[in-house]
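Biologist: Could you walk me through this one? I'd like to hear the reasoning behind each label.

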Amino acid sequence: MIIFNEFKVKTPEREVILDITGEISNIIRESNIKEGVCRVFIPHTTAGITINENADPSVIKDISSYLNKLVPKGGGLGYSFKHGEGNSDAHIKCTLTGHSVDVLIHEKRMMLGTWQGIMFAEYDGPRNRRVMVQIQGE
Ligand code: ZN
């Protein structure tokens, strides 16, 4: 069986990383799929998704701050961005983070590690974003 679902995320600032584990978990529960794979896909070019620690909020702050050091808004490393929209930093951070994650489902539960959460990363908000979820299994 394959199930598709999606939900919206309203991001409050230009850059924010939000824990969306609960929303994904609810979709898996409602799907009634016991064994399979859940793929979460972000259909945007300046937002991404990653799995990382959701126990200590400092980890997300560190990731966000460090990405900004690596890719400053105005560019760096002697390179000037060519993209006229002025958000090349957001496009690059999106590429670094990636646009999809897969999570195994076993006995109707996501097999995330103890400290793992699914994080939606906004790099060019505030915006209304879409999160797509496809679950394959039985
Ligand atoms: Zn752009």
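Biologist: What makes strand 5 and strand 6 (residues 109-110) a pair?
Modeller: This is a predicted model, and in it two antiparallel bridges join strand 5 to strand 6. Pairing takes at least two bridges, so these strands qualify. In one bridge, His106 is the partner of Arg109. The hairpin they form has two residues between the strands, and there Glu107 takes a positive phi near 50°.

Biologist: How do you know that strand 3 (residues 36-41) pairs with strand 5 as well?
Modeller: By the bridges again: six of them join strand 3 to strand 5, running antiparallel. Since at least two are required, they count as paired. Leu104 of strand 5, for instance, is the bridge partner of Val37. Leu104 lies on the uncovered face of strand 5, while Val101, Val103 and Ile105 make up the covered one.

Biologist: Now the zinc ion. Why is its site called irregular?
Modeller: The angles among the four donor atoms run from 92 to 149°. A tetrahedral site needs all angles between 85 and 135 degrees, so the upper value rules that label out. The protein donors are His83 (NE2), Glu85 (OE), Asn87 (OD1) and His91 (NE2), at 1.9 to 2.2 Å from the zinc ion. Along the chain, their spacing reads H-x1-E-x1-N-x3-H.

Biologist: Is Glu85 buried or exposed, and why?
Modeller: Glu85 has 54% relative accessibility, and the cut-off is over 50%, so Glu85 counts as exposed.

Biologist: And why is His91 called partly exposed?
Modeller: At 23% relative accessibility, His91 falls between the limits of 20% and 50%, so the label is partly exposed.

How values were computed: Residues are numbered from 1 along each chain as its sequence is written. This is a predicted model: local features need pLDDT of at least 70, side-chain atom pairs count only at pLDDT 80 or more; totals for chains, interfaces and linings use all residues. Side-chain values use heavy atoms; hydrogens and water are left out. Buried means under 20% relative accessible area, exposed over 50%, partly exposed in between (1.4 Å probe, protein chains only). Helices (H or I, at least four residues) and strands (E, at least two) are DSSP runs, numbered from the N terminus. Donors are N, O and S atoms within 2.8 Å of the metal (3.2 Å for Na, K and Ca); water is not among the atoms, so sites may look incomplete. Four donors count as tetrahedral if all angles lie between 85 and 135 degrees; four count as square planar and six as octahedral if opposite donors are over 155 degrees apart and all others between 65 and 115; anything else is irregular.
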